[in-house]
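Me: I'm new to this structure and would like a close look at one part of it, the loops with unusual backbone spots, and then whatever lies around them. Could you walk me through that in plain words?

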Amino acid sequence: MFITLGQQRIFFDVVGSKLAPDGPRMREKPTLIVLHGGPGFDHSGLRGDFDGFADIAQVIYIDHRGNGRSAPSDPSTWTLAQWGDDVRALCDALGIEKPIVLGQSFGGMVAQSYATRHPEHPRALILSSTAARMDFPGSMAIFHKMGGEEALAIATRMWESGRDEEFDAYERVCMPLYNTQVRAGGMDARARVVMRREVYRHFSLPGGEMRRMDFRDALSKIVCPTLIVAGERDPITPPHLSREMLTSIKVAPAVLRIYDDCGHGAFRDQPDVVLPAIRQFIAGL
């Protein structure tokens with residue numbers, strides 16, 4: 001379904017009710033807003049992991065403006081500030097108070113923007129396989145170690161120019177290095193994705209905001225409980241960047257969980273371990 005925020009149509013979907021029958025009363029569940037990675041992707045790749053949280057939360061997925069199934073929009077609005085403000089605006093429009101916001105990868109960057117621009121708004125944050133700033137030399141070295149000269153060359157070309165043929169090669173050679181396990185149904189999941197490569201190019205290539213973003217100072221504004229989740233073998237947001245986020249959060253209670261033998265999106269490689277840990281964090285709020 002769509003909602004209009006300002007002049008921008010945003011696609012969102014809801015799994016689970018806000019109120020659940022519980023004996024003689026209606027029990028209110030917290031709202032969990034799930035922010036997808038990319039940029040450019042839609043939310044569909046996260047459905048299999050977080051739809052199951054509907055027993056303890058009302059789960060809302062957003063396709064960020066310009067991304068996925070959200071209507072095309074002005075590239076000048078494809079900024080972390082605007083994407084972060086969109087989370088707040090969606091909550092205001094739908095009457096959502098004190099959401100728990102989970103951001104995966106690029107979605108975690110949006111979550112940091114939202115939480116540092118509106119620090120009193122979230123109930124809690126879950127930052128998964130993301131970073132306050134990127135370390136491209138470090139990532140290129142990891143691609144080289146994991147995939148050899150071919151992976152290094154393809155990753156370098158992808159992050160320098162991002163043409164379609166380079167994007168296709170990166171998906172074939174480098175993206176399998178993101179994770180340590182091959183997931184069942186992966187081909188179907190990839191076929192369901194709506195990808196806007198123009199958003200990736202705008203945000204991620206040299207000159208784009210990803211190259212100059214740095215939330216390390218701003219993270220001191222966060223005041224809500226925060227869980228940081230990382231994979232030890234993540235090539236694109238390696239765990240030293242998660243450690244940076246932890247040390248940058250000065251006021252809020254924050255905890256870091258780094259999972260061995262996991263890559264980008266640790267819940268994808270060890271779902272039986274990581275997803276229960278996220279559930280426990282939510283239940284303990």
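Reply: Let's start with K98, which sits in the loop that runs between helix 2 (80-94) and strand 7 (100-104). Keep in mind that this is a predicted model. The phi angle of K98 is near 50 degrees, a positive value in a residue that isn't glycine. Is K98 buried or exposed? Neither, really: K98 has a relative accessible area of 43%, so it counts as partly exposed.

Now hop over to S129, in the loop between strand 8 and helix 4. S129 has a positive phi as well, near 45 degrees, and S129 isn't a glycine either. The surroundings are another story, though: S129 has 1% relative accessibility, and because buried means under 20%, S129 counts as buried.

Stay in that loop for a moment, since R133 is also placed between strand 8 (124-128) and helix 4. What does the side chain of R133 pair up with? It makes a polar contact of 2.6 Å with the side chain of E244. If you skip the neighbours within four places in sequence, the residues in contact with R133 are M213, D214, R216, H240, L241 and E244.

One more backbone oddity: the peptide bond going from G38 to P39 is cis, with omega near 5 degrees. You'll find P39 in the loop between strand 5 (31-35) and helix 1.

From the loops, let's move to the inside. The largest nonpolar core has 59 residues, and the ones touching the most other members are L80, F143, W159 and Y170. Which helix gives the most to this core? That's helix 4, with eight residues. W159 is a good one to click on: leaving out residues up to four places away in sequence, W159 touches a long list that includes F136, M140, Y170, Y178, Y200 and I236. There's also a second, separate core of 25 residues, with F50, I100, I126 and I282 among them.

Then there's the open space. Rolling a probe the size of a water molecule over the atoms shows where empty space is left. The largest pocket here holds about 1,300 Å³ of space. Its lining is made of 45 residues, and F41, M175, N179, R190 and R268 lie nearest the centre of the pocket. By type, that lining splits into 21 nonpolar, 15 polar and nine charged residues. Several helices supply at least two residues each, including helix 1 (47-50), helix 3 (106-117), helix 4 (136-160) and helix 5 (164-173). Helix 6 gives the most to this lining, with four residues.

The second largest pocket has a volume of about 200 Å³. It is lined by 14 residues, and K18, E28, T31, I96 and E97 are the closest to its centre. Strand 2 (8-15) and strand 6 (58-63) are the elements that give two or more residues to this lining. Sorted by type, the lining of the second largest pocket has six nonpolar, three polar and five charged residues.

How values were computed
Residues are numbered from 1 along each chain as its sequence is written. This is a predicted model: local features need pLDDT of at least 70, side-chain atom pairs count only at pLDDT 80 or more; totals for chains, interfaces and linings use all residues. Side-chain values use heavy atoms; hydrogens and water are left out. On a 1 Å grid over the protein atoms alone, a cavity is a set of points where a 1.4 Å probe fits but cannot get out, and a pocket is an open set with protein on both sides within 12 Å along at least five of seven lines; lining residues have an atom within 4 Å of a point. Grid points are joined across faces, edges and corners, and a volume is the space filled by probe spheres set on the points. Ala, Val, Leu, Ile, Met, Phe, Trp, Tyr, Cys and Pro count as nonpolar, Asp, Glu, Lys and Arg as charged, and the others, Gly among them, as polar. A polar contact is a pair of N or O atoms within 3.5 Å; within protein, one must be able to donate a hydrogen and the other to accept it, and residues adjacent in sequence count only if both atoms are side-chain atoms. Contact means heavy atoms within 4.5 Å. A nonpolar core is a set of buried Ala, Val, Leu, Ile, Met, Phe, Trp, Tyr and Cys residues joined through side-chain atoms within 4.5 Å. Buried means under 20% relative accessible area, exposed over 50%, partly exposed in between (1.4 Å probe, protein chains only).
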